[in-house]
Structure formats: structure tokens, C-alpha cells
Amino acid sequence: MKLTTKILIVGGGPAGSTAARFLAESGREVILLEKNFSFVKPCGGGIPLSTFDELDIPKTLIKKEVKSIRLISPLDEKLDIELRGGSLAITERGEFDRVLRNVAEEHGAHVIEGEFYGITLNNTIYRVEANIGGERIEIVSEYVIAADGVNSSVRRALGIKPSPSFFTVSEKLKETETDCCEFWFGFSHAPGLYSWIFPSSEGVSAGTGCFETGKINDLFKIFTERRKIKSEGLKRIYKVPRWKGDLYNKGKIMFVGDAAGQVLPLSYEGIYYAMKAGELAARAIIEERVNEYKRMWKASFQKRFFLMHKLSNYFLKNDSSTEKLVALHKRPEVQEASIKLWLRKDSSRDSLQSYIKLFRKFLI
Ligand SMILES: Cc1cc2nc3c(=O)[nH]c(=O)nc-3n(C[C@H](O)[C@H](O)[C@H](O)COP(=O)(O)OP(=O)(O)OC[C@H]3O[C@@H](n4cnc5c(N)ncnc54)[C@H](O)[C@@H]3O)c2cc1C
């Protein structure tokens, strides 16, 4: 069997569904191929509240609203920061992804459960091989959007190396409670990264990150001992890409979200950026100018990603530099600048420069 469409999107996570919605809304013919409708991505599900208005996400998806974060330094300095002028919405990822796919479908996208296998280019047309309901199906399309996450099989099929990445282990803990997002720093349990406790729809989501997979469970154990929580057994290991900013499109195949490594360094926030990349890729296709995607992404996010990459290298290189990160955030002006960048997504030239100036001023 053969299906034909103008645009095929591989992957029905936040990036793919957002691209599908924008394309369908503008009358383009689009298929969204998701390999498993029941898949629940391991994720804290934390999204700045402002994203809901910006990207028209149903607010019924908000399970909790978090109004403060807590930073805990390697030496146990605790700092509570009120998220003045913003808040963090907590969602449940299974439901979040399902509803975004439904919204895309309501706008006219054809949402199909099926798995991408391979791709070939024939003249100017892509022929994609997919498994739909156990049958091998060919999907013919003019554009392809690879939104298939950190283990992107579209990348693999094209011989493009996977994104550099790190490992996380995470778990939902029903017996633990917190009313803020806790970021725990320390090389003993999160070398070069952080461990976290986020409120969840039920209890909390807890986890830690590490660059070497072999150590991840031991590190999580050290974290649970430090935080004095009890693992309830169902842990999941999953990768998070590290941003390089080197892949946007290959011909008319565009890469968005985790498939393109678009996770913000230092905070490791990915949902907002995946959705924005989906929107920008869709806009480029609507304008029939694929290169516009890279230009628009860079104009919107390059400086912010580069700055966070630098800060991450500086502040997460050892415990004493992480102490400085927490100590610096005791200053109200640094808190305000971080909230502006993170929750209000203000990366105007002035805002970024004043952020850099603040760090220079207090570090030198
Ligand atoms: C433990 C953890 C906690 C996190 N917490 C947060 C957080 O609190 N806030 C935040 O902003 N970010 C968080 N992130 C990052 C965030 O989850 C990702 O950046 C985000 O999901 C990226 O969206 P995406 O659509 O690009 O990819 P994904 O969400 O990974 O979606 C990819 C989709 O493609 C599908 N797919 C894969 N292969 C195929 C194929 N061959 N054929 C068809 N479909 C396929 C998958 O089933 C999946 O549905 C976290 C990540 C982890 C691992």
C-alpha cells in the first residue's frame, strides 16, 4: 500500500504535533506518524506557564502550578527563589502528548500510529518506509520533518551521527511531596549536571543525570540518600541530547526538537524549544523556503543557547564552581535576570548582555 502527502512528520511528541498543527491549520496536507500512541516519555513535564498562551496549549493540561524553585548547593546551601512574574506549569507527559496530537488532528492532520523504517530520495520526492499495523507501507512526500526524539531513526537512516547526549534515570514517587522544583547540585550524584525533585500529578518526579550510563543507578541511590527519599522501584533510563546547533535540515528533511539536539543547556528544558522548532519548521514549509527554518531558529534562540552552554561549562565543571552559581543567585538582580531569561523567554540583545554583565561583575 502507498500513501501520498505533502508533508510527513515522523514522531508525535511536542515537536511533531506542533508542526502538524501549524501546517494543517494553514491548509497543508500532513501526516503525523507516531510509533506508539501509548508511549509516555520519561519527563518532569515542567513548562513555563507563558508557553500555554504563546503556543495555544489547552490549560486543562496543567496539573500543578509551581511558584518557586529551590537550589541546593553541593555543600547544602539552600536557596528558595520565588518565580516573580511567572510560574512553572506541571503536566503529565502521556496526556500532554496525546492531547497535542488530538489538537493537530482536529486542525486536519492525519495522525497515524506507525513506525518509520527508512527513507530514500527519488528525484525531488521522499519515499518513506513505515510499519503501520504490521504492514509495510510506503509514504511518498515532498517534505519530511524528523521529530522522532533523541534516538532519531531518521538521523540513523540518513547516516547522520546521533546527538551527543547524557543519561538520566528518573522515577515517579507517590509517597514524596514538594511544593517547589528542587535542583540538587553535587558531583557525588550528578557530575556536571543536576538531580531534581519536581512536583508531579501524583507525588513527585525525581531523577539524576550523568554522562556515563554504567554509573547512573548508583548515582541515583546516592541522591535518594542525600534527599532522604525512598525509591519505589520503577526507574526509567532515558537520554537527553546536548545542544550542538549543527543540524537543521538536509534537503527538504527538517530536524526539530530532541532529534536536532535542541534542549537548552544548563536548565535542560526541552518541551518549549521542541514546540517552537516545530512551529518554525512549519512556517518555513508554508513559505516554501526550507532554509528559513535555520535562519529563524538562530535569530530566536542561538544567543540564548550559546550563553547557557557557556554558563553550564563554567558553573557545572566542579562542586566549587556550582557553589558560586547558587551563591550568585542570592542576589535579587541575578534572580530577576535568570527568571527573565528562563520563564519570560526574554533573549533580546539588551537582556542577554545585562545577564552576561551581571555574571562578570560578581565573578571577577
Ligand atoms: C527524565 C527527563 C526529564 C525531563 N524533564 C523536562 C522538563 O521538566 N521540562 C522540559 O521542558 N523538558 C524536559 N525534558 C526534555 C523533554 O522531555 C524533551 O526535550 C522533549 O520531549 C522533546 O520533544 P520532542 O517532540 O522533540 O521529542 P520526544 O518527546 O522524544 O518525541 C519523539 C516522538 O517520536 C516517536 N518516535 C520515535 N521513533 C519513531 C519512529 N521510528 N517512528 C515513528 N515515531 C517515532 C516517539 O515515540 C515519541 O513520541 C526531560 C527529559 C528527560 C529525559
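In this predicted model, helices α6 and α7 (residues 291–315) make a good place to start: their axes come within 8 Å and cross at roughly 140°. That angle makes α6 oblique to α7, because only angles over 145 degrees would count as roughly antiparallel. The crossing of α6 and α7 is right-handed. If you wonder about the choice of values, two packed helices are described by the angle between their axes and the distance between the axes.

Helix α6 (271–286) also leads us to the ligand, since α6 is one of the elements that each supply at least two residues to the shell around the ligand. The others are α1 (14–25), β2 (30–34), β3 (46–48), β9 (115–122), β12 and β16. How many residues surround the ligand? There are 39, and the closest are Gly11, Gly13, Gly44, Gly257 and Gly270. By kind, the shell divides into 17 nonpolar, 15 polar and seven charged residues.

Where does the ligand lie with respect to the domains? Domain 1 (2–44 + 92–163 + 242–301) and domain 2 (62–91 + 166–241) both give residues to the shell, so the ligand lies between them.

Now for the sheets. Here are two of them side by side.

| Open sheet | Strand order | Pairing | Average turn between neighbouring strands |
|---|---|---|---|
| Seven strands | β6-β5-β13-β14-β15-β12-β16 | mixed | 20° |
| Three strands | β3-β7-β4 | antiparallel | 30° |

In the sheet of seven strands, the edges are β6 (78–82) and β16 (236–241), each of which pairs on one side only. Two of the strands listed for the ligand shell, β12 and β16, stand next to each other in the strand order of this sheet. On the other side of β12 comes β15. Strands β12 (residues 165–173) and β15 (residues 204–210) run antiparallel and are joined by seven bridges. Within this pair, lysine 172 stands opposite serine 205 in β15.

The sheet of three strands has β3 and β4 (64–66) at its edges, again with each pairing on one side only. Strand β3 is among the elements that supply residues to the shell around the ligand. Strand β4 pairs with β7 (residues 88–90) in the antiparallel sense over three bridges. Which residue of β7 is the bridge partner of lysine 64? That partner is isoleucine 90.

Notes
Residues numbered from 1 in each chain as written. Predicted model: local features only at pLDDT ≥ 70, side-chain atom pairs only at ≥ 80, totals over all residues. Pairing = 2+ DSSP bridges. Helix = DSSP H or I, 4+ residues; strand = E, 2+ residues; numbered from the N terminus. Axes fitted to C-alpha atoms, helices over the stretch in contact; angles between N-to-C directions. Near = placed C-beta within 6 Å. Nonpolar A, V, L, I, M, F, W, Y, C, P; charged D, E, K, R; others polar. Domains from an automatic or database assignment. Parallel < 35°, antiparallel > 145°, perpendicular 65-115°, else oblique. Left-handed = near helix turned anticlockwise from the far one by under 90°.
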